[in-house]
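Student: I would like a close look at one part of this protein. Please take the empty space inside it, then go on to the contacts around it.

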Amino acid sequence: MVNKLSVNLGGIKLDNPVIPASGTFGFGQEMAEVYDLDILGSIAVKGTTREARYGNPLPRIAEGAGGVLNSVGLQNPGVDKVITDELPRLRRVFHKPIVANISGFSIEEYAYCCEKIDKEDQIGIIEVNISCPNVHHGGMAFGTSPEMAARVTKAVKKVTSKPVFIKLSPNVTDITAIAKACEEAGADGLTLVNTFLGMRIDIERRQPVLARKVGGYSGRSIFPIALRMVYEVAQVCHIPIMGCGGVSKAEDVIEMMMAGATAVQVGAENLRNPYACKEIIDNLPKVMERLNIDTLESIIGEIK
C-alpha cells in the first residue's frame, strides 16, 4: 500500500513531512508522555553546542499578538551529554532517524560538534543553525553573510557523511543570496526560516520584558513571511527545503510544500498546543482528499 504522506528528504524516507522544530520539543521525553512519537516524520532535537550552556538570564519569554518572543540562549547540556544521555533516552521512545540541530560560536565549534554527532546511528540529518553570533567577527551572525555561511557549510561538509541542512536566519536583506551561497558550498538542504528579531516593553515597569531586551519572534503571525521566503529560495536553489515558521495546521503544511518545501517543521505551535503535530498529521489525509491531492510529493514546488 502506497503511503501518500511519505516524502524523500535528502535521501531519507519520511512517513510524513511533519517535524517538530528544534527548541520547541526538547529531546522528546516530555512529549512522549503525550502521544506516540513514532507518528512523526522525524524530530529536530534541541540546539546543541560544544559546551553545556545555561542560557540567557530570566525572563526569557514574552507573548506577542499571534506569537511568542524567546531569548532562551541555546540552553543545552553540551554535545557529549547529548550523545551519552539524551540520544539513548530518545531512542527508547522514537525509532526513526532524527534531525540533530547544531549551533556554534566559531567555525571550529560547528565542525567539532557536527563531526561528533555525525557518528551517531540515530542521526539522519544534521541541521546547522547559522543564526549564532560569530565571536571572531564582532558578534555578527554567520547567517547574515553569504561568505560566512559558505565557510561554515564547507567546514561542516568536510567532516560529515550525513546530509547537512543549513538553517537560515530571516533577519537579512536577501535570503536567496545566503541560500545560494550555502548550496554552492555543498549544503544538502536548507531549513528556513528561523525566528525574527522582536521586542516587547512592559509599559508599567517601563522596562523591556526580556532580560536581553530583544529575542526571536515565532508563531502563527509569521507564517506568510516565512512562506514567501521558502518560495523565493525554492525558485533559485535545487536542494530540498524544510519549511518552518508559523505552521499550525494541515493546510499550512500544504501551502509550505506548494511553495517548495519537502518537509515542514512545526515550532511555536507545539508550545501553545502539545498535540499540534499529531493533529496536523491526522488532518493531512482529509485536506488532501478535499483538494484532490494524490500524494504530498506531487505538490512540492507546485507554485512557480
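What volume does the largest cavity have?

Tutor: Bear in mind that this is a predicted model. The largest cavity has a volume of about 40 Å³. The count of cavities of 30 Å³ or more comes to one.

Start with the lining. Ile12, Leu14, Ser42, Pro97, Ile98, Val99, Gly124 and Ile125 line the largest cavity. Three elements give two or more residues to this lining: strand S2 (12–14), strand S6 (98–102) and strand S7 (123–129). Now sort the lining residues by character. Six are nonpolar, two are polar and none is charged.

Next, the open space. A probe the size of a water molecule, rolled over the atoms, shows where empty space is left. The largest pocket has a volume of about 1,200 Å³. Its lining takes in 50 residues, and Asn70, Gly73, Asn194, Thr195 and Gly216 are the ones that lie nearest the centre of the pocket. Here too, three elements give two or more residues to the lining: strand S5 (67–70), strand S10 (196–199) and strand S13 (214–218). The largest share comes from S13, with four residues. By character, the pocket lining divides into 19 nonpolar, 27 polar and four charged residues.

Go back to the strands at the cavity. S2 and S6 each give two or more residues to the cavity lining. Look at the loops beside them. Lys96 forms a salt bridge with Asp15, and the closest N and O atoms are 2.7 Å apart. Lys96 lies in the loop between helix H1 (79–91) and S6, while Asp15 lies in the loop between S2 and S3, so this pair ties together parts that are 81 residues apart in sequence. Are the two partners buried or exposed? Lys96 has 17% relative accessibility; the cut-off for buried is under 20%, so Lys96 counts as buried. Asp15 has a relative accessible area of 38%, so it is partly exposed.

Helix H1 holds a salt bridge of its own. Side chains of opposite charge can pair when their charged atoms come close. In H1, the partners are Arg89 and Glu86, at 3.1 Å from N to O. They are three residues apart in the helix, so about one helical turn separates them. Arg89 is partly exposed, at 33% relative accessibility. Glu86 is buried, at 15%.

Helix H7 repeats the spacing. Arg272 and Glu269 meet in a salt bridge at 2.8 Å, N to O. These two are three residues apart in helix H7, so they too are separated by about one helical turn. Arg272 counts as exposed, because its relative accessibility is 55%. Glu269 counts as buried, because its value is 6%. Arg220 joins in as well: salt bridges that share partners link Arg220, Glu269 and Arg272 into one network. In the whole model, the count comes to 13 salt bridges.

Now the aromatic rings. The whole structure has two aromatic pairs. One of them is Tyr35 with Tyr275, a tilted pair at 6.4 Å centre to centre, with 35 degrees between the planes. This pair links distant parts of the chain, 240 residues apart. Tyr35 sits in the loop between strand S3 (18–20) and strand S4 (61–64), and Tyr275 sits in the loop between helix H7 (269–272) and helix H8 (276–290). Tyr35 is buried, at 6% relative accessibility. Tyr275 is partly exposed, at 39%.

The other pair is Tyr110 with Phe142. This pair is edge-to-face: 5.3 Å centre to centre, with 80 degrees between the planes. Tyr110 lies in helix H2 (residues 107–118), and Phe142 lies in the loop between S7 and helix H3 (146–158), so the pair ties together parts 32 residues apart in sequence. Both Tyr110 and Phe142 are buried. Note S7 again: this strand gives two or more residues to the lining of the largest cavity.

Two charges finish the tour. The charged end of Arg50 sits over the ring of Tyr112, 3.7 Å from the ring centre. The charged end of Arg60 sits over the ring of Tyr54, 4.9 Å from the ring centre.

Technical notes: Residues are numbered from 1 along each chain as its sequence is written. This is a predicted model: local features need pLDDT of at least 70, side-chain atom pairs count only at pLDDT 80 or more; totals for chains, interfaces and linings use all residues. Side-chain values use heavy atoms; hydrogens and water are left out. On a 1 Å grid over the protein atoms alone, a cavity is a set of points where a 1.4 Å probe fits but cannot get out, and a pocket is an open set with protein on both sides within 12 Å along at least five of seven lines; lining residues have an atom within 4 Å of a point. Grid points are joined across faces, edges and corners, and a volume is the space filled by probe spheres set on the points. Ala, Val, Leu, Ile, Met, Phe, Trp, Tyr, Cys and Pro count as nonpolar, Asp, Glu, Lys and Arg as charged, and the others, Gly among them, as polar. Rings of Phe, Tyr and Trp (its six-membered ring) pair if their centres lie within 6.5 Å; planes under 30 degrees apart count as stacked, over 60 as edge-to-face and the rest as tilted. Buried means under 20% relative accessible area, exposed over 50%, partly exposed in between (1.4 Å probe, protein chains only). A charge sits over a ring if NZ of Lys or CZ of Arg is within 6 Å of the ring centre and within 35 degrees of the ring normal. A salt bridge is a side-chain nitrogen of Lys or Arg within 4 Å of a carboxyl oxygen of Asp or Glu.
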